Structures are given as structure tokens and as C-alpha cells.
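Trainee: Got a minute to go through this one with me? I'd like to start with pockets.
Mentor: Sure, put it up.

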Amino acid sequence: MQAGRLRYFILCLHTSTHKATFVTPSESDYLLRLATLSLSFVGFSAVVVTLRGALGGELSDRHLRLVRLYIEGGLLVTALAVVPTLLNLLHIPGTVTWPLSSAAAAAVFTFFLVIQFRRRRSIEAGQFPAWVVIIYALSIVAVASLWLNVAGVLLPASGGPYAVTLTWALCVFGFIFVRTIELFLHRSSHN
């Protein structure tokens, strides 16, 4: 009886592997372009921080928290954007690639949101500004869409929610960078 089940499982796995779609060239292309853009963002952020030093500015705890946000966030998006292409190179079917990639991204972003919340809370007292609360709320929705993509709830798992969430994350890091760049370009710190 066990041998029959094992043969059935192998047959199903073999059949599903050949019928399964892999990451499409357009999905891979988009994610690789996003990885390139994200890595460029990390580099540009590093240049701005270097300018702060060239202008004679010190890096406060707030500056360091923001620098870590830009660099860690940008590198996370870069790394996560290449995961589906890596799985595709390993001939992992799309039916496994998107749930697996989404689970990895959801876990990483969940952890990242908690860490950023704690870092901000430890450095900046008081209530969060409304724009920060809105970004956190929308980011939680984006991460929840990844968890739904893992489970295949509402729609079958696909690259759409994955790409949208990674794009959202990079846009958030860019938005925060633009909102806070003034802190880095002034000689005196405006905490």
C-alpha cells in the first residue's frame, strides 16, 4: 500500500512539474529591473550620507536609524527581487516559486516592520506622525497580501502580489528618503 502511494506521489510530482508554468520572462525582467533600481537607491543613499560627513555634519542616532532603513530596506528589495529568478534557474515550478518567494518576503518584511517600529520608538519619543502611521498600515496590508499569496487565498499564487509588494517597499524607502533628506544636507541636526 505504501509503495503505491509513493509511486502515485512521484507520478503527480513529475506530471505537475512538466505542466507547471515557470517564472515568465516578463516577470523575471520586471523583478531584475526592480533589483537594479533598488541597488541604485542604496548607492545614492550612501552618497548622501557621505555628503553629510563632507559638510561637517555628525550622524545622530536618528540619522543612523534612517541610514540603516535606506540601506537595509534597499538591499532586502534587491535580494528578494532575484529570488524567483533563482528558483526558476533551479527549475522550480511557478506553482511552488510564488508561494515560496512570497513566504520568504512576507517573513522578512514582517520582521523588518517590527524592527523598524522598535528602532523608531527607541530613538524618537512621542506619537508617530500621521504619514508614518499610514505607511505602516499600508505596509501591513502589503505584507498580508504576500501571506494570502502563499496560501493561494482569493486567487492562485502568482507573481503579481509579490512584484507589487516589492515595488511598494522600494517606493516607501524612496518616499522616506525624500521626506528626510533635509536632515542629511544641513550642517546642524534638526531632531
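**Pocket, confidence, helix 3**

Mentor: The largest pocket holds about 480 Å³ of space. Keep in mind that this is a predicted model.

Trainee: How many residues line the largest pocket, and which lie nearest its centre?

Mentor: The lining has 28 residues, and those nearest the centre are Leu-69, Trp-131, Ile-135, Val-172 and Ile-176. Helix 3 (61-89), helix 4 (94-123), helix 5 (130-151) and helix 6 (159-185) are the elements that each give two or more residues to that lining.

Trainee: Which element gives the largest share of the lining?

Mentor: Helix 6, with 10 residues. By class, the lining of the largest pocket splits into 18 nonpolar, five polar and five charged residues.

Trainee: Switching to confidence. What does the chain average in pLDDT?

Mentor: The average is 85, and 86% of the residues score at least 70. Among the elements, helix 5 has the highest mean pLDDT, 94, and helix 1 (residues 2-19) the lowest, 49.

Trainee: Where does pLDDT stay under 50?

Mentor: Over residues 8-19, where the model has one contact beyond four places in sequence. Where pLDDT is low, the predicted coordinates should not be read in detail.

Trainee: Back to helix 3. Where does helix 3 bend?

Mentor: At Val-83, by about 30 degrees, with a proline, Pro-84, following within four residues. Helix 3 has 29 residues and spans 42 Å from first C-alpha to last, close to the 42 Å expected at 1.5 Å a residue.

Trainee: And what follows helix 3 with a positive phi?

Mentor: His-91, whose phi is near 60 degrees.

Key
Residues are numbered from 1 along each chain as its sequence is written. This is a predicted model: local features need pLDDT of at least 70, side-chain atom pairs count only at pLDDT 80 or more; totals for chains, interfaces and linings use all residues. Side-chain values use heavy atoms; hydrogens and water are left out. On a 1 Å grid over the protein atoms alone, a cavity is a set of points where a 1.4 Å probe fits but cannot get out, and a pocket is an open set with protein on both sides within 12 Å along at least five of seven lines; lining residues have an atom within 4 Å of a point. Grid points are joined across faces, edges and corners, and a volume is the space filled by probe spheres set on the points. Ala, Val, Leu, Ile, Met, Phe, Trp, Tyr, Cys and Pro count as nonpolar, Asp, Glu, Lys and Arg as charged, and the others, Gly among them, as polar. pLDDT is the predictor's confidence in each residue, from 0 to 100. Contact means heavy atoms within 4.5 Å. The expected span of a helix is 1.5 Å times one less than its number of residues. The bend at a residue is the angle between axes fitted to the seven residues ending there and the seven starting there.
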